[in-house]
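User: I've got this protein open and I'd like a close look at one part of it. Could you pick a residue, say where it sits and what surrounds it, and then work outwards to the rest of the fold?

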Amino acid sequence: MAVLGSNWEAFETYSQKIRKEYRQYPDEAYNAGRKNALEKMHEKDNLYFTSEMKQLLDAPAHNNLFREIQMLS
């Protein structure tokens, strides 16, 4: 889960690896499923459980999720 709150370049690399893992799906199906999964995570107030991780990574993670959601739209 820490990768969600990493810098954009690391998050984007992670997302590209996820796409490769699901390469058997056409873009339309993959994008819809990925967007749905990201939106569910983005809707959560807190992605992390410890106060330290919330403070450190929650905002960047939400920003990364939102950015990819916009790219998939």
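Analyst: Let's start with methionine 53. At 27% relative accessibility, methionine 53 counts as partly exposed, since buried would mean under 20% and exposed over 50%. Keep in mind that this is a predicted model. You'll find methionine 53 in helix H3, which covers residues 51-72. Setting aside neighbours within four places in sequence, methionine 53 is in contact with Tyr48 and Asp58. Now look across to arginine 19: 34 residues separate it from methionine 53 along the chain, and their C-alpha atoms are 26 Å apart.

Now slide along H3 to leucine 65, which lies in that helix too. Is leucine 65 buried or exposed? It is buried, with a relative accessible area of 0%. Its contacts, again leaving out neighbours within four places in sequence, are Leu4, Phe11, Leu38, Met41, His42 and Leu47. Take phenylalanine 11 from that list: leucine 65 is 54 residues from it along the chain, yet the two C-alpha atoms are separated by 9.0 Å.

A little further on is glutamate 68, also in H3. Glutamate 68 is buried as well, because its relative accessible area is 7% and the cut-off for buried is under 20%. Not counting residues up to four places away in sequence, glutamate 68 touches Trp8, Phe11, Ser15, Arg34 and Leu38.

Those contacts lead to the other helices. The secondary structure comes to 3 helices and 0 strands, running α-α-α from the N terminus on. The radius of gyration is 12 Å, close to the 11 Å that the globule rule gives for 73 residues, so the protein is as compact as a globular protein of that length. Its C-alpha trace spans about 40 × 20 × 15 Å along the principal axes. Of the 73 residues, 27% count as buried. If you take contacts between residues at least 6 apart in sequence, 54% of them join residues at least 24 apart.

How are the helices arranged? Two packed helices are described by the angle between their axes and the distance between the axes, and we can go through the pairs that way.

Take H2 with H3. H2 covers residues 27-43, and its axis comes within 9 Å of the H3 axis, the two crossing at roughly 150°. H2 and H3 are therefore roughly antiparallel to each other, and their crossing is left-handed. On the H2 side, Asn31, Arg34, Lys35, Leu38, Glu39, Met41 and His42 take part, and they meet His62, Leu65, Phe66, Glu68, Ile69 and Leu72 of H3. By class, that contact has 6 nonpolar, 3 polar and 4 charged residues. Both leucine 65 and glutamate 68 are in it. So is glutamate 39, a residue of H2 that counts as partly exposed at 30% relative accessibility. Glutamate 39 and tryptophan 8 are 31 residues apart along the chain, and 17 Å separates their C-alpha atoms.

Next, H1 with H3. These two pack at an angle of about 50°, with their axes 11 Å apart. That makes H1 oblique to H3, and the crossing is right-handed. Trp8, Phe11 and Ser15 in H1 meet Asn64, Leu65, Arg67, Glu68 and Met71 in H3. The residues of this contact divide into 4 nonpolar, 2 polar and 2 charged. Leucine 65 and glutamate 68 turn up here too.

Last, H1 with H2. H1 covers residues 8-21 and packs against H2 at an angle of about 130°, with the axes 12 Å apart. H1 and H2 are therefore oblique to each other, with a right-handed crossing. Phe11, Tyr14, Ser15, Ile18 and Arg19 in H1 meet Asp27, Tyr30 and Arg34 in H2. By class, that gives 4 nonpolar, 1 polar and 3 charged residues. Arginine 19, the residue we looked across to from methionine 53, belongs to this contact.

Back to where we began: methionine 53 is partly exposed, while leucine 65 and glutamate 68 in H3 are buried.

Notes
Residues numbered from 1 in each chain as written. Predicted model: local features only at pLDDT ≥ 70, side-chain atom pairs only at ≥ 80, totals over all residues. Heavy atoms only, no water. Helix = DSSP H or I, 4+ residues; strand = E, 2+ residues; numbered from the N terminus. Buried < 20%, exposed > 50% of the residue type's maximum accessible area, 1.4 Å probe, protein only. Contact = heavy atoms within 4.5 Å. Axes fitted to C-alpha atoms, helices over the stretch in contact; angles between N-to-C directions. Parallel < 35°, antiparallel > 145°, perpendicular 65-115°, else oblique. Left-handed = near helix turned anticlockwise from the far one by under 90°. Nonpolar A, V, L, I, M, F, W, Y, C, P; charged D, E, K, R; others polar. Rg over C-alpha atoms; globule rule 2.2 N^0.38 Å.
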